[in-house]
Amino acid sequence: MSDLTRRTLGRTGLEVTQLGFGAAERGLPDSADFDAQAAGVLNAALDAGVNLIDTAPDYGASEERIGRYVGHRRREFHLATKCGCNIDGDGNRLDPGHLWTADRLRSNIDQSLRRLRTDCVDLLQMHNPSVEDVERGGLVEALEEIRGAGKARFIGVSSTNPHLAAFVASGAFDVFQIPYSALEREHETMIQEAADAGAGILVRGGISLGHRANESRQATWAKAGLEELLGGMSRHEFILRFTLAHPACHTTIVGTTSLDHMRSNLEAARAGPLPPDLYAEARARLASVGEVPAEEGS
């Protein structure tokens, strides 16, 4: 049994490790030279007890590698992918990057299932559409059709403001994938509102949005004096544990191509969320320099 904390992914009832694996293509090029690296990282994540993998047709060879290297371990993990991605059956990207039609969603899932070597994904998410895209294309009905056909157990959407509120209010989606980090708190309140409505919350960017070398984020970190709160933690650990501390963070997906980085992520996740007083102090300091959720700062 994994020693990673598990949380219930909203009304799906799925018990997911709070640390998931994000299988985006960043750092793992499509070249076959990286196949062994991909195989090692994917299997190491499952060996450590991580039980959620998130991918997308847009992520180059990601789906195909998941099918090839851990498809035989399908019972060990929940699998999430996306749709609306404008690629052909061989995974080649077409223009535009996304195509919001019911036929595209149907072809995406059929192609994904072949690449992933499975009959059904646990979660199928639309990949950042607008509200207008969804309404014009009849996409909720298409997702429900796909779910009814047994190709996806649950449906969701990866989204951001200003579209999130309408998607949550619709009640159509089981799960929302939303960006959140100590230094990217725009959706902090919306995450809670979506969870309060019964949806599962899958956080993305929980490390990258607070750790990547972005001048604005670096300046916010310094102005807020967060270095003073580390107490022996690395910045990397602090940022991840801040994300885990959001009460509605059911799981956060973190990708890496390095086994050493994965071990660091696992150690941070096992340490658990920041203690409530430390999380509150960090949020107060961030608010004092203007880094507050848009819903609270408007």
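**Notes on a predicted barrel model**

1. In this predicted model, F167 is buried, and F173 is buried as well. The ring centres of these two residues lie 5.6 Å apart with their planes at 85°, so the pair is edge-to-face. F173 also pairs with F176, where the centres are 6.0 Å apart and the planes stand at 70°, so this pair too is edge-to-face.

2. Together, F167, F173 and F176 make up one aromatic cluster. The relative accessibility of F173 is 2%, which is why it counts as buried, the cut-off being under 20%. F176 is likewise buried, with a relative accessible area of 2%. Across the whole structure, the search finds 5 aromatic pairs.

3. S159, which sits in the loop between β9 (152-158) and α6 (164-170), is buried, with a relative accessible area of 2%. Leaving aside residues up to four places away in sequence, S159 touches N128, L164, F167, Q177, I178, P179 and R204, so that F167 of the aromatic cluster is among the contacts of this loop residue. The C-alpha atoms of S159 and F77 are separated by 24 Å, with the two positions 82 residues apart along the chain.

4. Two arginines are placed over aromatic faces: R74 lies over the face of F77, at 5.4 Å from the ring centre, while R235 lies over the face of W221, at 4.3 Å from the ring centre.

5. As for the overall fold, 8 strands close into a barrel, in the order β3-β4-β5-β8-β9-β10-β11-β12, and their pairing is parallel. From one strand to the next, the twist averages 30°. Within this barrel, β4 (residues 52-54) and β5 (residues 78-83) are paired in the parallel sense over 3 bridges, and I53 has L79 as its bridge partner in β5.

6. Helix α1 (residues 35-47) can be checked for its length: at 1.5 Å a residue, its 13 residues should span 18 Å, and the end C-alpha atoms are indeed 18 Å apart, which agrees. The buried residues of α1 are D35, A38, A39, V41, L42, N43, A45 and L46, and they pack against β3 (19-22), β4, α2 (62-70) and α11 (259-271). After α1 comes G49, whose phi is positive, near 105°.

How values were computed
Residues are numbered from 1 along each chain as its sequence is written. This is a predicted model: local features need pLDDT of at least 70, side-chain atom pairs count only at pLDDT 80 or more; totals for chains, interfaces and linings use all residues. Side-chain values use heavy atoms; hydrogens and water are left out. Two strands pair if DSSP finds at least two bridges between them. Helices (H or I, at least four residues) and strands (E, at least two) are DSSP runs, numbered from the N terminus. Axes are lines fitted to C-alpha atoms, for helices over the stretch in contact, and angles run from 0 to 180 degrees between N-to-C directions. The expected span of a helix is 1.5 Å times one less than its number of residues. Buried means under 20% relative accessible area, exposed over 50%, partly exposed in between (1.4 Å probe, protein chains only). Contact means heavy atoms within 4.5 Å. Rings of Phe, Tyr and Trp (its six-membered ring) pair if their centres lie within 6.5 Å; planes under 30 degrees apart count as stacked, over 60 as edge-to-face and the rest as tilted. A charge sits over a ring if NZ of Lys or CZ of Arg is within 6 Å of the ring centre and within 35 degrees of the ring normal.
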